[in-house]
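Visitor: Could you take me through one part of this model up close, and then show me how it sits within the rest of the chain?

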Amino acid sequence: MRSAKESNFPYSMSTVCYFEVYKDGKVLPIKHKNKCDRPELYEAYKRAKDKITTIYAVWPGNWRSDLFIIDDLKTFINSFDF
C-alpha cells in the first residue's frame, strides 16, 4: 500500500476507485465521477476526518493497479472543488 500524500496522486481522475473501510471491516464504495455524487463524497470525507472510516483508492495502470491510503484528506476533498 502506498501513501497518496507521498505521491503525485490523481485524486479527481475518473478511473480511480475510492472506497471507505469502517472500523468493523465493512467496505463501501465512494462515488465521485459526477457532480451529483458530491454529497456522498463529502459525507465520506467527514467520516474519514472524524476517524470513523479510512479512505483508500485504487489507481489503475497499464500493467498493474496500486492501492493507496488517502492520508491527505484536505487535498482529497479540495480536488473535487469543495
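Guide: Let's start with Asp24, which is found in the loop between strand E2 (17-22) and strand E3 (27-30); helices (H or I, at least four residues) and strands (E, at least two) are DSSP runs, numbered from the N terminus. Please keep in mind that this is a predicted model, where local features need pLDDT of at least 70, side-chain atom pairs count only at pLDDT 80 or more, and totals for chains, interfaces and linings use all residues. Residues are numbered from 1 along each chain as its sequence is written, and side-chain values use heavy atoms, with hydrogens and water left out.

Asp24 has a relative accessible area of 65%, so it is exposed (buried means under 20% relative accessible area, exposed over 50%, partly exposed in between, with a 1.4 Å probe and protein chains only). Its C-alpha atom is separated by 9.9 Å from that of Ile52, although the two residues are 28 apart along the chain.

Ile52 takes us to another loop, the one between H1 and E4. At 40% relative accessibility, Ile52 counts as partly exposed. Setting aside neighbours within four places in sequence, Ile52 is in contact with Val21, Tyr22, Lys23 and Arg47, where contact means heavy atoms within 4.5 Å. Lys51 lies in the loop between H1 and E4 too. Lys51 is exposed, its relative accessible area being 62%, and its phi is near 60°, a positive value in a residue other than glycine.

Now compare a third loop, between E3 and H1, where His32 is found. With a relative accessible area of 4%, His32 is buried. Neighbours within four places aside, the contacts of His32 are Met13, Ser14, Val16, Tyr18, Asp37, Arg38, Leu41 and Phe80. The C-alpha atoms of His32 and Phe19, 13 residues apart along the chain, are separated by 10 Å.

Tyr18, one of the contacts of His32, leads to the interior. In soluble globular proteins, nonpolar side chains tend to be buried together. Here the largest nonpolar core has 18 residues, and those with the most contacts inside it are Phe9, Tyr11, Tyr18, Ile55, Ile70 and Phe76; such a core is a set of buried Ala, Val, Leu, Ile, Met, Phe, Trp, Tyr and Cys residues joined through side-chain atoms within 4.5 Å. Two or more residues of this core come from each of helix H1 (38-49), strand E4 (53-60) and helix H2 (73-78). H1 gives the most, with 4 residues. Phe9, for its part, is in contact with Ala4, Val16, Tyr18, Ala57, Trp59, Phe68 and Ile70, leaving aside neighbours within four places in sequence.

Stepping back, the chain has 2 helices and 5 strands, in the order β-β-β-α-β-β-α from the N terminus on. The radius of gyration of the chain is 12 Å, close to the 12 Å that the globule rule gives for 82 residues, so the chain is as compact as a globular protein of that length; this radius is taken over C-alpha atoms, and the rule is 2.2 Å times the number of residues to the power 0.38. The C-alpha atoms fill a box of roughly 35 × 30 × 20 Å along the principal axes. Buried residues make up 35% of the 82 residues. Of the contacts between residues at least 6 apart in sequence, 59% join residues at least 24 apart.
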